[in-house]
Amino acid sequence: MSLAKNHSEQELIIIREIKQKTEELNINNITRTKAYLDFYNRHPEIHWAFLAHMVSRNGGWSMTDLKAELLARLLSKREKSSYFSFLERGNWLIFQDAYPQLLLYEESLKTKEPLFRLLPHFNVSIFIETIWEYYWNSSNSSLLTFGLIINEQNYIENRVIQNQKYIKDVFGTMEFELQDLLSFNQILFPYNDFGVTKLAGQTVNQFESLHERIQLGKRLYTILFDKEVLKKVEEWAVTHPHTGSRKDYWPHIFNDVHEGRPGLKYQIKLNSCKLKSGARRIYSPTLENVWNNVRHQEAEKGEWFSDLKVLEYLREIEGPSVGNIEYQYCQTLEKLELAAFAKKIISLLD
């Protein structure tokens, strides 16, 4: 069926421009993460955009961790490549699904009428089309955020999480590392508090579970939009452009330049998240220095919404105490250090 028969010329222009803009910004994790923040700065009522920005930052840190000092010693070249492919595909898919929704909302504001009837041209779920229509009339930012969390996690469920390639190459071969070692265990929201960088966030458990990912997203939203935290994280995000290096939030521990000599035996550097006297910083590269841009295959078509039970996830949750996640994150880093050190010793004994 021809688009021209159903829509005005202006609507056809809007559809084309949104598709073009989305493609231009869906280049890599850096461009996506910035696009979310730029949109949120224009429309702070769309809370999900800032949550997406902060979670996407963590995705970028996870990508560069694969080539950083600690994990480089623990994973094979193939494992690094497989896990990067998994992270990058998910990051790319969510952006190409969600960003057109954000831009169409922006166009609706300009025309002063809802244009969500155009959403089918971007292959989005009927579920989220309904949520946007409801938001237009209610201005319920929390319900829209929950709706977007539900939509995006269901969207990647079959395309990434249940994809046989990733089950075999990622979850199957790296299950132990994923659960017990990798620093992907925490989603971090850095912020400055009287000159000290603190970390709010949550620990990730059972990433393969759709239910757990949706609940995690809702908990992260509750933490991030706590009035005591939000303003500080916003200020931090605006003043610290995303590079993919963990130096972005802890430059006293991480550096995007390798300070050691190649092949040098790994020395334990950290004690309670402080560098030991005389220790050099941990290498955490920028994304552009370790991963090339990826040309993705077109997103798989398909409607995920088939069960009304998902509507239960739209209910408000009792938020966790915001708390500082620094202690758990420090423990993860120390585990990683010990694992890298042990791996070096074992390789010397081989």
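This is a tour of one predicted model, stop by stop, with what to select and what is found there.

Residues are numbered from 1 along each chain as its sequence is written, and side-chain values use heavy atoms, with hydrogens and water left out. Because the model is predicted, local features need pLDDT of at least 70 and side-chain atom pairs count only at pLDDT 80 or more, while totals for chains, interfaces and linings use all residues.

**Whole chain**

Start with everything shown as a cartoon. The protein has 12 helices and 6 strands; helices (H or I, at least four residues) and strands (E, at least two) are DSSP runs, numbered from the N terminus. Of its 350 residues, 52% count as buried. Buried means under 20% relative accessible area, exposed over 50%, and partly exposed in between (1.4 Å probe, protein chains only). Contact means heavy atoms within 4.5 Å. Among contacts between residues at least 6 apart in sequence, 74% join residues at least 24 apart.

**Helix α9**

Select residues 210-224, which form helix α9. The helix has 15 residues and reaches 21 Å from its first C-alpha to its last, close to the 21 Å expected at 1.5 Å a residue; the expected span is 1.5 Å times one less than the number of residues. Now colour α9 by burial. Buried here are Arg213, Ile214, Gln215, Leu216, Gly217, Lys218, Leu220, Tyr221, Ile223 and Leu224. To see what they touch, add α3 (47-65), α6, β1 (186-193), β2 (196-203) and α10 (227-239): the buried residues of α9 pack against these elements.

**Helix α6, from α9**

Keep Tyr221 on screen and select phenylalanine 146, which is placed in helix α6. The C-alpha atoms of phenylalanine 146 and tyrosine 221 are separated by 8.6 Å, with their positions 75 residues apart along the chain. Phenylalanine 146 counts as buried, at 1% relative accessibility. Which residues does phenylalanine 146 contact, leaving aside its neighbours within four places in sequence? They are Lys218, Tyr221, Tyr313, Leu314, Arg315, Glu316 and Ile317.

Next, select threonine 145, also a residue of helix α6. Threonine 145 is buried, with a relative accessible area of 1%. With neighbours within four places in sequence left aside, threonine 145 is in contact with His47, Trp48, Leu51 and Tyr221.

**Helix α3**

From there, move to alanine 52, in helix α3. Alanine 52 is buried, with a relative accessible area of 10%. Select arginine 32 as well: alanine 52 and arginine 32 are 20 residues apart in sequence and 9.4 Å apart in space, C-alpha to C-alpha.

**The loop between α4 and α5**

Select lysine 112, in the loop between α4 and α5 (126-138). Lysine 112 has a positive phi of about 60° although it is not a glycine. Is lysine 112 buried or exposed? At 73% relative accessibility, lysine 112 counts as exposed.

In the loop between α4 and α5 there is also asparagine 123. Phi of asparagine 123 is near 60°, a positive value in a residue other than glycine. Asparagine 123 is partly exposed, with a relative accessible area of 43%.

**The second largest pocket**

Select Glu23, Asn26, Trp92, Gln96 and Glu298, the lining residues that lie nearest the centre of the second largest pocket. On a 1 Å grid over the protein atoms alone, a pocket is an open set of points where a 1.4 Å probe fits, with protein on both sides within 12 Å along at least five of seven lines, and lining residues have an atom within 4 Å of a point. The volume of this pocket is about 660 Å³, taken as the space filled by probe spheres set on the points, which are joined across faces, edges and corners.

The pocket is lined by 23 residues. Show α1 (9-25), α4 (77-111) and α6 (141-161), each of which supplies at least two residues of the lining. By class, the lining has 8 nonpolar, 7 polar and 8 charged residues; Ala, Val, Leu, Ile, Met, Phe, Trp, Tyr, Cys and Pro count as nonpolar, Asp, Glu, Lys and Arg as charged, and the others, Gly among them, as polar.

**The disulfide**

Finish by selecting cysteine 273 and cysteine 330. A search of the whole structure finds 1 disulfide (a pair of cysteine sulfur atoms within 2.5 Å), and it joins cysteine 273 to cysteine 330, S to S 1.9 Å. Cysteine 273 lies in the loop between β4 (270-271) and β5 (274-275) and cysteine 330 in helix α12 (residues 326-349), so the pair ties together parts that are 57 residues apart in sequence. The link of cysteine 273 and cysteine 330 is left-handed, with -120° about the S-S bond. Cysteine 273 counts as buried at 6% relative accessibility, and cysteine 330 is buried with a relative accessible area of 9%.
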